[in-house]
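Work through the exercises below with the model open beside you. Try each task on your own before you read its solution.

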Amino acid sequence: MPTFSEDALGGESVVVTGATGGIGWSVAERAAKAGAGVLATGRDTDRLEEIDDRLAEVDASGRTTTHEADITNEAERVELASKAEQMGVTMLVNAAGITGSRTDFEDLSQHEVAEILDLNFVSTLRFTQELYRSMKDRSGGAIVNIASLSGLRGTYKSIPYCSSKFALVGFTQSLALEAIEHDIRVNAVCPGWVDTEMGREGIRSKAEAHGRAYDEQLERELDAIPSKRMSTPDDVANAVVYLLSDASENIVGESLKISGGSVLR
Ligand SMILES: NC(=O)c1ccc[n+]([C@@H]2O[C@H](COP(=O)([O-])OP(=O)(O)OC[C@H]3O[C@@H](n4cnc5c(N)ncnc54)[C@H](OP(=O)(O)O)[C@@H]3O)[C@@H](O)[C@H]2O)c1
């Protein structure tokens with residue numbers, strides 16, 4: 001029975017979407033430190049250049065690289081998947097995501113609903129499908145979807161985001177049942193507040209919706225967390241690397257909460 005070790009992903013290759021963002025970057029860095037070849041992807045080319053340099057500093061595999069792709073664009077998804085296949089990728093972390101604004105239900109536009117569901121659910125599913133075929137051919141792999149506590153319970157004035165994350169959790173569980181027949185494990189993590197640009201923006205928009213100052217809203221949010229702190233991107237990345245590794249070999253279709261005890265049920 002494998003136990004978790006520092007080189008837990010040695011010999012593996014992983015694609016990380018949303019690697020230009022807070023959580024995705026931390027996952028890419030930790031996976032590279034754990035010995036994996038990493039294909040880090042996002043749309044921001046300046047950030048991808050920085051990531052190339054920073055990954056080179058921690059790359060134990062000699063196989064880390066970056067690739068610009070908009071996951072909502074089919075041609076770009078196919079190109080990214082083909083690059084991943086050439087790299088022999090057997091692992092995928094879906095971290096790309098958007099939240100949208102806090103909107104009253106009756107004011108939600110078709111565009112906003114479609115845009116959020118497209119990236120967070122439909123295009124994420126379609127990209128996973130592209131890679132799944134080659135994972136099946138290689139008979140094994142692991143997929144981790146970055147969902148959210150918003151995929152487990154409703155959140156205030158956040159219907160498209162919340163719905164997209166519930167869909168992602170449902171996708172995780174359904175695919176897990178099918179994929180395990182091919183020795184591919186599929187899991188999700190469900191973070192609460194994470195200290196990234198997206199997390200801070202979420203608190204800012206909640207403050208606005210309630211007519212409060214940012215600091216007051218932040219204090220309220222921290223007060224509601226039993227551990228009294230937001231998660232860091234590394235808190236999430238550590239859990240993701242564990243779920244990718246053989247040390248979690250019988251964990252299948254799970255939605256792991258990372259929230260300092262915010263939702264204890
Ligand atoms: N932060 C939180 O409090 C929190 C809590 C729970 C769950 N999450 C989830 O964790 C994931 C990462 O969040 P984060 O906090 O790291 O957010 P972030 O820093 O805003 O990063 C979002 C990432 O998504 C990428 N992205 C957006 N649209 C894309 C598109 N069309 N194609 C490809 N990539 C796209 C961005 O790439 P570019 O910038 O290069 O476009 C960026 O890398 C998201 O799925 C989010 O829902 C976050």
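Two exercises follow, one on the ligand shell and one on helix crossings. The model is predicted, so that local features need pLDDT of at least 70 and side-chain atom pairs count only at pLDDT 80 or more, while totals for chains, interfaces and linings use all residues. Residues are numbered from 1 along each chain as its sequence is written.

**Exercise 1.** Describe which residues surround the ligand, and which elements they come from.

*Solution.* Begin with the residues whose C-beta atom, placed from the backbone, lies within 6 Å of the ligand. There are 28 residues around the ligand, and Gly21, Gly42, Gly97, Thr196 and Gly199 come nearest. Next, turn to the elements, where helices are DSSP runs of H or I with at least four residues, numbered from the N terminus. Two or more shell residues are given by helix 1 (22–33) and by helix 6 (197–210), and helix 6 gives the most, with four residues. Finally, consider the domains, whose bounds come from an automatic or database domain assignment: domain 1 (13–192 + 233–258) and domain 2 (195–230) each supply at least three residues of the shell.

**Exercise 2.** Determine how helix 1 is oriented to helix 2 and to helix 8.

*Solution.* Use axes, which are lines fitted to C-alpha atoms over the stretch in contact, with angles from 0 to 180 degrees between N-to-C directions. The axes of helix 1 and helix 2 (residues 45–58) come within 8 Å and cross at roughly 30 degrees. Angles under 35 degrees count as roughly parallel, over 145 as roughly antiparallel, 65 to 115 as roughly perpendicular and the rest as oblique. Helix 1 and helix 2 are therefore roughly parallel. With helix 8 (residues 233–244), the axis of helix 1 also comes within 8 Å, crossing at roughly 50 degrees, which makes helix 1 oblique to helix 8.
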